[in-house]
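Me: Please take a close look at one part of this model and explain how its residues are placed and paired. Begin with a single residue, and then add whatever else can be said about the surroundings and about the other features of the chain.

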Amino acid sequence: MPHKLRKTWHSLSGRLMVCLLVAVAGMTAVTLQAFFGSWQDSRNRIYEDFAVVGDKMRSELSLTFTGFENVASLVGYSSAVQRYLLSTDPELVIQSHSPAANYLETAMRLSDSCRNVFLYAHNGRHLYANTSCLESFRQLLASRKFDQDVTISRPFFARIPGDKNSSLMFYCVPIFSVEHFYPQNRMIAAILFDMDELLERVSTSGPDSPDAAALLYDGSPVSSTRPLSDHERALIPSIPQEQGGVNFQGKRYVTTRITMPERYWECVYFIPERELTGRVIRSMNQGIIVMGIGILLVSVFLTLLIHSINQSISQIARDMDALDYAATDHIRSPQLTELKTIAHAVNLMLDRLREVFQREQQTQKKLYEARQSQSRAKMMSYRSQINPHFLFNTLECMRSQAHNSGAGDIEAIISSMARMFRYSLYSKTMATLAEELAHVRNYFNVMKTRYPGQYRLRISAGAEVMEFQMLSMVIQPIAENSISHGFLGLERVGQILIKAFKGERGCLVIQVADNGAGMTPGELEALEIRMRQGMDEAQEGRSSIGLHNIYQRMKLVFGDHFHIRFRSREGMYTVVELIIPERPALEAFENEE
């Protein structure tokens with residue numbers, strides 16, 4: 001008998017049978033233990049998950065209201081808008097209307113929740129993006145006597161006048177004149193938004209779910225994800241701050257309350273605790289049933305395979321022993337499905353080894369091409385330098401003479417040109433966003449002196465993105481392209497807005513927008529095709545870097561995670577958006593000295 005046991009243990013089929021019995025017993029014990037342990041853990045995670053929900057609500061509400069304030073400030077304090085609303089010169093009012101309307105439409109895109117923007121000045125003049133709820137805005141002005149005096153001390157929210165069931169609200173912000181020739185003049189800016197739409201963004205509940213979320217303004221519910229019963233309306237005042245639970249009329253609720261006292265808004269979210277625990281129990285029961293069926297099927301299946309598995313494994317072993325990498329690169333596939341997977345995995349591993357080798361060769365080729373491209377760029381830079389020290393010394397001499405002569409404009413343009421030349425000649429392959437923006441400012445200092453009053457530059461970038469690493473000589477050519485082509489033949493003041501912020505996965509997003517001539521849909525499509533297919537721009541000159549060159553350089557260094565996007569509307573605006581990964585795809589460009 002012991003001899004038979006030893007023989008069975010040393011055989012593959014015997015060991016598989018013993019392992020099968022041990023696995024079935026172990027999985028049964030683990031399943032029962034996991035059921036009782038997961039019950040308490042799941043209940044604790046319910047409250048932890050509600051903390052995450054509360055943070056999401058607070059973040060979304062704060063971002064949305066901050067977006068409203070940004071839109072109101074950008075529009076209200078725009079020079080074109082203030083000239084149109086406050087000027088007493090009829091001709092200036094007519095000239096400012098089109099730029100003001102264009103700027104208003106562009107600014108609205110900064111907030112996804114903004115449906116309309118209204119501006120009303122003390123002189124009765126108004127401006128709006130579209131006619132949606134225009135009459136309601138006028139009723140709001142009349143009901144609060146803003147048509148007589150637009151003075152308000154702080155921003156406030158207001159419902160659509162006369163319609164308590166409407167989900168639309170106004171966010172009203174005071175705007176003051178910033179032009180010295182419009183002293184003490186006032187305006188009011190109103191952002192129209194949909195409360196139901198806002199609530200859908202900050203909540204995960206739906207109209208048919210047992211949980212509910214509600215927005216409160218000054219303590220009163222103004223919107224909810226589904227109709228609330230009288231019982232639930234009575235529950236809302238007793239919901240405590242932050243996440244937690246509350247017993248109300250014999251029921252236990254899991255709740256969270258988010259308060260924004262500076263804006264008089266609150267958001268509450270609640271669900272009966274028994275709904276959550278019921279889901280946990282149903283989920284566990286289903287898991288146990290599925291696991292039991294799986295154990296049974298696996299046991300039967302392995303029992304049937306034990307008698308034939310030795311032959312298939314032996315076949316694989318023989319093929320692997322006889323594998324000759326110079327003559328063949330695959331092994332034969334056995335009859336059993338599980339062993340076919342093993343054979344397929346081995347063959348796939350061989351294929352991947354070849355792919356890795358080819359990919360390594362491509363990476364080395366890309367690195368070589370990048371180095372070659374950098375060397376060619378440096379060579380062209382050296383060829384374009386005609387004694388740079390002599391040039392800079394001469395510019396400094398000219399700047400000193402302009403300073404001594406009191407020619408401030410000449411001194412400024414010479415200083416800016418000197419800084420531009422130094423950056424163009426001596427900047428590294430990689431630069432920070434702050435260095436790129438400084439180069440753009442120097443360029444605009446030169447253009448403002450050459451064309452007084454024709455161009456304006458605005459830059460919006462926080463300190464958290466200023467040290468972001470990117471290729472040098474990228475932003476200034478895009479801005480130069482706007483001036484060279486976008487504003488050509490236009491009579492209005494050319495405005496360029498550069499906005500930089502952190503996007504998803506830590507990437508840097510740079511948006512360069514202008515109010516120039518824009519492009520037709522056909523021109524925009526043709527530009528994107530040229531960019532993707534690697535075709536040179538016909539308008540590029542020898543000294544122009546060009547959008548195509550920027551695209552190719554960024555793709556080479558940052559790989560497929562870099563993207564360039566275009567948005568344009570003929571006669572109104574063009575936006576070039578760069579999405580730059582946090583790190584280069586080629587390691588040679590990280591921490592470049």
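Reply: In this predicted model, Ile-313 has a relative accessibility of 34% and therefore counts as partly exposed, a class that lies between the limits of 20% and 50%. Ile-313 belongs to helix α8, which covers residues 273–321. Its C-alpha atom is 8.2 Å from that of Pro-334, and the two residues are 21 positions apart along the chain.

The part chosen for the close look is strand β10, which comprises residues 265–272. β10 belongs to an open sheet of five strands, whose order is β7-β6-β10-β9-β8 and whose pairing is antiparallel. In that order β10 stands between β6 and β9. The edges of the sheet are formed by β7 (220–224) and β8 (242–248), each of which pairs on one side only. From one strand to the next, the twist averages 30°. In general, the strands of a sheet are paired through backbone hydrogen bonds, in either a parallel or an antiparallel arrangement.

On one side, β10 is joined to β9 (residues 251–260) by eight bridges, and these two strands run antiparallel. Two of the bridge partners may be named here: Met-260 is matched with Trp-265 of β10, and Arg-257 is matched with Val-268. The other pairing of β10 is with β6 (residues 212–217), through six bridges and again in the antiparallel sense. Here Ala-214 has Val-268 as its bridge partner in β10. Val-268 is thus a bridge partner both of Ala-214 and of Arg-257.

How many of the residues of β10 are buried? The count is eight of eight, and the strand is accordingly described as mostly covered. The covering applies to both faces: Trp-265, Cys-267, Tyr-269 and Ile-271 are buried on one side, while Glu-266, Val-268, Phe-270 and Pro-272 are buried on the other. Glu-266, a member of β10, merits separate mention. It has a relative accessible area of 16% and is classed as buried because this value is under 20%. The side chain of Glu-266 makes a polar contact of 3.3 Å with the side chain of Thr-259.

A second open sheet of five strands offers a point of reference. Its order is β12-β14-β15-β17-β16, and its pairing is mixed. β12 and β16 are the edge strands, each pairing on one side only, and the average twist between successive strands is 10°. Within this sheet, β12 and β14 are paired in the parallel sense over seven bridges, and Ala-461 stands opposite Ala-500 of β14.

The strands of this second sheet also contribute to a pocket. The second largest pocket has a volume of about 1300 Å³. It is lined by 41 residues, of which Arg-109, Leu-110, Lys-499, Phe-501 and Gln-511 are the closest to its centre. At least two lining residues come from each of α2 (12–76), α4 (90–108), β12 (455–461), β14 (494–502), β15 (508–514), β16 (563–569) and β17 (573–580). By class, the lining consists of 16 nonpolar, 13 polar and twelve charged residues.

Two loop residues have unusual backbone angles for discussion. Met-473 is not a glycine, yet has a positive phi of about 60°; it is located in the loop between β13 (469–471) and α13 (475–486). Arg-505, in the loop between β14 and β15, likewise has a positive phi, near 60°, although it is a residue other than glycine. As to accessibility, Met-473 is buried because its relative accessible area of 15% is under 20%, whereas Arg-505 is exposed because its 82% is over 50%.

Finally, Leu-547 lies in helix α15 (residues 546–558) and is buried, with a relative accessible area of 6%. Its C-alpha atom is separated by 7.0 Å from that of Ile-478, a residue 69 positions away along the chain.

Conventions:
Residues numbered from 1 in each chain as written. Predicted model: local features only at pLDDT ≥ 70, side-chain atom pairs only at ≥ 80, totals over all residues. Heavy atoms only, no water. 1 Å grid on protein atoms, 1.4 Å probe; cavity = no way out; pocket = protein on both sides within 12 Å on 5 of 7 lines; lining within 4 Å. Points joined across faces, edges and corners; volume = space filled by probe spheres on them. Helix = DSSP H or I, 4+ residues; strand = E, 2+ residues; numbered from the N terminus. Nonpolar A, V, L, I, M, F, W, Y, C, P; charged D, E, K, R; others polar. Pairing = 2+ DSSP bridges. Axes fitted to C-alpha atoms, helices over the stretch in contact; angles between N-to-C directions. Buried < 20%, exposed > 50% of the residue type's maximum accessible area, 1.4 Å probe, protein only. Polar contact = N/O pair within 3.5 Å; in protein donor to acceptor, adjacent residues only side chain to side chain.
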